[in-house]
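Can you walk me through this protein in plain words? I'd like a short briefing with bullet points, grouped by topic.

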Amino acid sequence: MSKILFFITTLFINTLVFSQQVTTVAGTTYGYLDGPGLLAQFNDPRGICIDSQGNIFIADADNNRIRKIEPSGNNTVTTFAGSGVEGYADGIGTNAVFKSPNGMCIDSQGNIYITDALNFKIRKITPAGMVTTVAGTTQGFADGAANTAKFSYLEGICIDAQGNLFVADGGNNRIRKITPAGIVSTVAGSTSGYQDGTGTTAKFDYPSGICIDANNNFFICELFNQKIRKINSLGIVSTIAGSTPGYADGQGTAAKFSMATGICVDGSGNLFVADQANNRIRKITPSGLVSTYSGSVQGSLDGDLSTALFLMPTHLIFDASSNLYITEIGNDKIRKISNGLSTNDFDLFNYSLYPNPNKGNFSINSLQSGSLEIYDILGQLVFTKKEVNTTNQIETNLKKGIYLVKITNEDGKTVTQKMVIE
């Protein structure tokens, strides 16, 4: 009997440790506030990219800013660029001005490229924070030199190994290319409609998300055709999945999407789609099988893949450890789906804090010892406890408010959780 119990316990622990979890990285209610991730505020977060150090950058559209989330500790949010005023100006950091920044991608040198949707331009931010204009003038359609080219309602953006940028030009129903030399051309698309074909014989209806795989195939989600399209290396456009508006899993065109906006690809060639109006993250295998990866009815709930809830997920991207990050314009949050094999499982499974809300006194239940810090809404350290054992009763004299509890385990890994004192 003891061997059976040991086997069952081991199986349960292994299942728990390797299950995938949805957590909130940053964001509370809509607004604008820098600070610890779970206290920070966004307003219509859209594009997302991650640099080689794990820093996350967000196109905070209605705040007209580019925000940065540090990868450790409290997931501290800062403003990387943009004054918050709606308009157009190049410059350093917060001296620059944007107008509804949208899609984002990053190159190997850490330069960030942004579709500045209502300025109808492609902007660039260096690692030092210098903002310049890459291409675009007034609204319209024109190929040619970057300083004369025209775009309309720019959406997603991606970059290939040679430094060519590819943009979903939603308002022009085209996929555009910008070379490092600054020449803009049309890769595919023409007038609004739906048609597969080669290059400009193909038709799209408001392409939104775009990504590129290791074989230089492009994948595009369309806001109004409700389809996922592919452009191969020869410029041939085909339909991968999707049909009429709605929600249905299934093979290829038997599946249904509703306002899919963001798309990315993993190392195995699986596509992941932010199915905005369905409040779901969908997965498409290389064979074209569409399934629901996470999400169901609208809401905001962390948990495992089957129970987590989203509200209008918009863009998504994988980090170097195959964790999936998602922006939500409905919840104004940045969410994370762990890859299930992370060595940082302490932050998912090894502790709990209860009750929450509380009166300033609470318990920590942990499988590992460590230290505890509490920060107020301004990011100031207001309480510490150097030793937290497997079960601890914590007593504080803190006032009513919202706090961030940070635990560092004996291996130096950290976890944070928002706590409310009533």
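In this predicted model, I175 of strand β14 stands opposite A188 in strand β15. Strands here are DSSP runs (E, at least two residues), helices are DSSP runs too (H or I, at least four residues), and both are numbered from the N terminus. Residues are numbered from 1 along each chain as its sequence is written. Since the model is predicted, local features need pLDDT of at least 70 and side-chain atom pairs count only at pLDDT 80 or more, while totals for chains, interfaces and linings use all residues; side-chain values use heavy atoms, with hydrogens and water left out.

**β14 and its neighbours**

- β14 (residues 174-178) and β15 (residues 183-188) run antiparallel, and 4 bridges join them. Two strands count as paired if DSSP finds at least two bridges between them.
- The two make a hairpin with 4 residues between them, and G182 in that turn has a positive phi of about 90°.
- On to β13 (residues 165-169): 5 bridges join β13 to β14, again antiparallel.
- L165 stands opposite I178 in β14.
- This pair is a hairpin as well, with 4 residues between the strands, and N173 in the turn has a positive phi of about 55°.
- So how enclosed is β14? It is largely enclosed by the rest of the structure, because 4 of its 5 residues are buried. Buried means under 20% relative accessible area, exposed means over 50%, and partly exposed is in between (1.4 Å probe, protein chains only).

**An open sheet with β8 in it**

- Let's look at another group: 5 strands form an open sheet in the order β6-β10-β9-β8-β7, with antiparallel pairing. β6 (91-92) and β7 are the edge strands, each pairing on one side only.
- At the β6 edge, 2 bridges link β6 with β10 (residues 130-135) in the antiparallel sense, and G91 stands opposite V131 in β10.
- β8 (residues 112-116) is mostly covered, with 5 of its 5 residues buried.
- Which residues cover each face of β8? I112, I114 and D116 sit on one side, Y113 and T115 on the other, and they are all buried.
- β7 (residues 101-106) pairs with β8 over 4 bridges, antiparallel, and P101 has D116 as its bridge partner.
- The β7-β8 hairpin has 5 residues between the strands, with G110 in the turn showing a positive phi of about 85°.
- β9 (residues 121-125) is joined to β8 by 5 bridges, also antiparallel, and T115 stands opposite I122 in β9.
- The β8-β9 hairpin has 4 residues between its strands, and F120 in the turn has a positive phi of about 60°.

**A pocket**

- The second largest pocket has a volume of about 190 Å³. Of its 16 lining residues, D51, Q53, I106, G110 and P127 are closest to the centre.
- What counts as a pocket? On a 1 Å grid over the protein atoms alone, probed with a 1.4 Å sphere, it is an open set of points with protein on both sides within 12 Å along at least five of seven lines, and lining residues have an atom within 4 Å of a point.
- Grid points are joined across faces, edges and corners, and the volume is the space filled by probe spheres set on the points.
- The lining divides into 6 nonpolar, 7 polar and 3 charged residues. Ala, Val, Leu, Ile, Met, Phe, Trp, Tyr, Cys and Pro count as nonpolar, Asp, Glu, Lys and Arg as charged, and the others, Gly among them, as polar.

**Cysteines**

- A search of the whole structure finds 0 disulfides, a disulfide being a pair of cysteine sulfur atoms within 2.5 Å.
- Why does C158 have no bond to C105? The sulfur of C105 is the closest cysteine sulfur to that of C158, but at 6.7 Å it is too far for a bond. C158 counts as buried, at 6% relative accessibility.
- C264 has its closest cysteine sulfur in C211, 6.6 Å away, which is too far for a bond. C264 is buried too, with a relative accessible area of 6%.

**Repeats from the record**

- An unreviewed UniProt entry places the feature "repeat: NHL" at residues 41-72 and 252-287. UniProt positions follow the numbering used here, feature names are shortened, and annotations may be inferred rather than shown by experiment.
- Residues 41-72 are 0% helix and 50% strand, with the end C-alpha atoms 18 Å apart.
- Residues 252-287 are 0% helix and 44% strand, with the end C-alpha atoms 8 Å apart.
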